[in-house]
Structure formats: C-alpha cells, structure tokens
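Open the model in your viewer with the sequence panel alongside it, and keep a selection tool ready. The stops below are meant to be followed in order, each with something to select and something to look for.

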Amino acid sequence: MSKFIATNIINERCLKLTYHNRNETKSNLPFQITLYTNVWFFPLWLLTIVINLDAKYESLTNVYKFVTVAVFLVLSISESFKLYLGYIGNLAGKIPELASCWLILILIQLPLEMFLLLDHGLLSHSSEMFMNSIMVCLLLVEIVTGMMALTNLANCCAKTFYLMHVYD
C-alpha cells in the first residue's frame, strides 16, 4: 500500500511539474529588449543607408556599386528574417527559430556589417559610419544575449524531456 501511495505522489508531482514547465514562458528578457531596440533602429538604419547610397553611388567603382547594393539587399532581407525568427523563437520558446536567428546573426549579418564599417573603398559618410557602428554594437549584444537565451531554452527543454521520461 505504501508503494502505491509513493508512486501516486511521484506521478502527481511529475504532472504538476510538466504542466508548469509546458505553460511557463521561457523567454529571455535581455535578448527581447535587444530585439525590440533593433526593431526600432532598423528603419532608421535603412533610411540612412539608402540616402547615403544614393548620394555616393555615382562616385563608386562598378565593382563597389554591385557589391554595395548586394550587401544592402542581403542585410535588409536577413534583418527582417532575423527579427521575425528571434521574436518567435524567444517568445514562443522554439529552439529551431532561435538557433536560426542566432546563425543569421553570426554567419550573415556580422561579417557584412563589419565589411560596411571597415572597408574604406565604400566612401562612407560619417552618418553611415555612425549608424553602422551602432548596428555592429547591437549585433554583438544580440549574439551574446541570443547565446544565453538559446542555452537556457535548450537546458529547460532538456530537463522537461528528461523529467517526462523519468516519471513515465
């Protein structure tokens, strides 16, 4: 009889624990704040970049014309995808979306932003340098906070998975 009662107590605790973990929001506040800041900064960055590109387009060489337009297109499209995936991954607690956001940050956006910031052949204006440096700082903060969010979410999902299988 005591074994039956102990099993029932363990099963009730497991049900409460898994119910609590499934309904608990596992979002990371620093990452969410960084994404929110980036959502408001992105249109300003895009407007500054387009205005400066229009002003300096004729003075660029043919190679730099093509490369600059391609970089701006890739950055603006990848930024939109990254923000969407970051919000979905962080708020809904979805690991694939959060990992995709983080990989876009590291593999696509950071190298292209560093190219825009550090290449002297682009004839960058001071406003463009200022906006790109802010964007690089935001990307670096997003990389750090995104890694923390991804690690915490993966650990939480692994613990929930483990507890569900231990008490079954």
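Colour the chain by solvent accessibility to begin with: of its 168 residues, 35% are buried. Keep in mind throughout that this is a predicted model. Switching to a cartoon, you will find five helices and zero strands, so that the order of elements from the N terminus on reads α-α-α-α-α. Among the contacts with a separation of 6 or more, 78% are between residues that lie 24 or more positions apart.

**Confidence**

Recolour by pLDDT before looking at any side chain. The average over the chain is 87, and 85% of the residues score at least 70. Confidence is lowest in helix α1, residues 2-23, where the mean is 49, and it is highest in α4, where the mean is 96. Select residues 1-11 in particular: the pLDDT is below 50 over this stretch, which has two contacts in the model beyond near neighbours in sequence.

**Helix α2 and its kink**

Next select residues 29-56, the 28 residues of helix α2, and draw a distance from the first C-alpha to the last; the helix reaches 39 Å, close to the 40 Å expected at 1.5 Å a residue. Follow the backbone to F41, where α2 has a kink of about 35 degrees, shortly before the proline P43.

**The largest nonpolar core**

Stay on F41 and extend the selection to W45, F72, L75, L116, M135 and L139, which touch the most other members of the largest nonpolar core, a set of 17 residues. Helices α2, α3, α4 (95-118) and α5 (126-166) each supply at least two residues of this core. Before leaving this view, note also that there is a second, separate core of 10 residues, which includes F31, L85, A149 and L153.

Return to W45 and show what surrounds it. Setting aside residues up to four places away in sequence, W45 touches L75, E113, L116, M131, N132 and M135. From there move to L75, which lies in helix α3, residues 62-92. L75 counts as buried because its relative accessibility is 2%, under the 20% cut-off. Beyond residues up to four places away in sequence, L75 touches W45, Q109, L112, E113 and L116. A C-alpha distance drawn from L75 to L46, 29 residues apart along the chain, should read 9.5 Å.

**Polar side chains around N38**

Which side chains make polar contacts with the side chain of N38? Select N38, which is found in helix α2, and display the partners: a polar contact of 2.9 Å joins its side chain to that of E79, and another, of 2.6 Å, joins the side chain of N38 to the side chain of E142. N38 is buried, with a relative accessible area of 0%. Leaving aside neighbours within four places in sequence, N38 is in contact with E79, K82, L83, M135, L138 and E142.

Now centre on E142, found in helix α5 and likewise buried, its relative accessible area being 0%. Besides the contact with N38, look for the polar contact of 2.5 Å that joins the side chains of E142 and K82. With neighbours within four places in sequence left out, E142 is in contact with F31, T34, L35, N38, K82, W102, L105 and M147.

**A149 in the second core**

Keep to helix α5 and select A149, one of the residues of the second core. At 4% relative accessibility, A149 counts as buried. Not counting residues up to four places away in sequence, A149 touches N28, F31, N90 and L98. To see how separation in sequence compares with separation in space, draw the C-alpha to C-alpha distance between A149 and G89, which are 60 residues apart in sequence and 9.5 Å apart in space.

**The loop between α4 and α5**

Where is L123 placed, and what is its phi? For the last stop, select L123 in the loop between α4 and α5, and display its backbone torsions: phi is near 55 degrees, a positive value in a residue other than glycine. L123 counts as partly exposed because its relative accessibility is 45%, which lies between the 20% limit for buried and the 50% limit for exposed.

Methods. Residues numbered from 1 in each chain as written. Predicted model: local features only at pLDDT ≥ 70, side-chain atom pairs only at ≥ 80, totals over all residues. Heavy atoms only, no water. Helix = DSSP H or I, 4+ residues; strand = E, 2+ residues; numbered from the N terminus. Expected span 1.5 Å × (residues − 1). Bend = angle between axes of the 7 residues up to and from the residue. Buried < 20%, exposed > 50% of the residue type's maximum accessible area, 1.4 Å probe, protein only. Contact = heavy atoms within 4.5 Å. Core = buried A, V, L, I, M, F, W, Y, C linked by side-chain atoms within 4.5 Å. Polar contact = N/O pair within 3.5 Å; in protein donor to acceptor, adjacent residues only side chain to side chain. pLDDT = per-residue confidence, 0-100.
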